[in-house]
Amino acid sequence: MIKHHQLDDMEVTSFHTAKKGNWCSGDAYYISSDDDYVICAVADGLGSGEEAMEASSAVIRCIEEHEDESVEELMARCNNVLLNTRGAVLTIIKLDIPSKEIVYSNIGNIGCIFYPPSGKLVRPIPSRGYMSGRRQKFKSQRIQYEKGTTFILYSDGLRFDPVFHAFMNGMPSTEKAMQQVIDSMTDQSDDTTILIGKVAPEN
Ligand SMILES: [Mn+2]
């Protein structure tokens, strides 16, 4: 299912689908904003079906309840709520509007690429592993953004094709780019979540 999210400082189009034959998806995502931030997250529960959904939805609920906190704090909280679940992989990105920075933190296989309009793409380095409540440290990265910066955030149900770079650079809209990505997807055998965003499209 495709949805468009128009926020004050960003537009985001999401695509979310379950593995063929499953009634539920083990992926979950979150998009929200306030005066000085925009937050986006994608979680993929380990395994598939209901247990995977339980883990990823616990993470998203946790982010929803504490979205005003820092990305570092959110990662630690999400880890805690996953105790006694199958575990999940997670990426959170938060636009800090006053400082014009994107704060990125990740554990596990969720892809993320930023495309600044005036430069080369930025692919933050993902961390191996997953969250399941055991004590661990989460790294975060800060990336300067500018008006028109676009990004794609996706679970491992999407096999990234280099042709997507062309859709992401100079896109007319996030909806158009999403349509192009979906039209070129060949394999739909896993739960898939894709977020395509563009910063401050109205300014
Ligand atoms: Mn997956």
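**A walk through the chain, from Leu 46 outwards**

Hi everyone, let me begin with one residue: Leu 46 counts as partly exposed, because its relative accessibility is 25%, and the cut-off for buried is under 20%. Please keep in mind that this is a predicted model.

Where does Leu 46 sit? You will find Leu 46 in the loop that runs between β4 and α1. Leaving aside residues up to four places away in sequence, Leu 46 touches Ala 52, Arg 86, Gly 87, Ala 88, Val 89 and Tyr 130. Lys 137 is another matter: 91 residues along the chain separate Leu 46 and Lys 137, and their C-alpha atoms are 20 Å apart.

Let me zoom out to the whole chain. There are four helices and 10 strands, and along the sequence they follow the pattern β-β-β-β-α-α-β-β-β-β-β-α-α-β. The radius of gyration is 16 Å, which agrees with the value near 17 Å for a compact globule of 203 residues. The C-alpha trace spans about 45 × 40 × 25 Å along its principal axes. Of the 203 residues, 54% count as buried. As for contacts with a separation of 6 or more, 66% of them come from residues 24 or more positions apart.

Now to the sheet. Five strands form an open sheet with antiparallel pairing, in the order β1-β2-β10-β9-β7. Its edge strands, each pairing on one side only, are β1 at residues 2-6 and β7 at residues 110-115. From one strand to the next, the twist averages 10°. Helix α4, residues 174-183, packs on this sheet and touches β1, β2 and β10. The direction of α4 makes about 150° with that of β10, residues 192-199.

Looking at the β1 end, how many bridges join β1 to β2? There are five, and the two strands run antiparallel, with β2 covering residues 10-17. To pick out one pair, His 5 has Val 12 in β2 as its bridge partner.

Next come β3 and β4. Strand β3, residues 27-34, is largely enclosed by the rest of the structure, because six of its eight residues are buried. A hairpin of two residues links β3 to β4, and eight bridges join these antiparallel strands, with β4 at residues 37-45. Here Tyr 30 has Ala 41 in β4 as its bridge partner.

That brings me to helix α2, residues 71-81. Its buried residues include Val 71, Leu 74, Met 75, Cys 78 and Asn 79. Why do they lie on the same side of α2? The reason is that they cover an arc of only 135° around the axis. As general background, an α-helix has 3.6 residues a turn, so residues three or four places apart point the same way. Among the elements covering the buried residues of α2 are β4, α1 (50-65), β5 (88-96) and β6 (101-107).

Last, the cysteines. How many disulfides does the structure hold? Zero. Take Cys 40: the closest cysteine sulfur belongs to Cys 112, and at 9.5 Å that is too far for a bond, since a disulfide needs sulfur atoms within 2.5 Å. From the other end, the sulfur closest to that of Cys 112 is in Cys 40. Both residues are buried, Cys 40 with a relative accessible area of 0% and Cys 112 with 5%.

That is my tour, thanks for listening!

Notes: Residues numbered from 1 in each chain as written. Predicted model: local features only at pLDDT ≥ 70, side-chain atom pairs only at ≥ 80, totals over all residues. Heavy atoms only, no water. Buried < 20%, exposed > 50% of the residue type's maximum accessible area, 1.4 Å probe, protein only. Pairing = 2+ DSSP bridges. Axes fitted to C-alpha atoms, helices over the stretch in contact; angles between N-to-C directions. Contact = heavy atoms within 4.5 Å. Arc of directions from axis to C-beta. Rg over C-alpha atoms; globule rule 2.2 N^0.38 Å.
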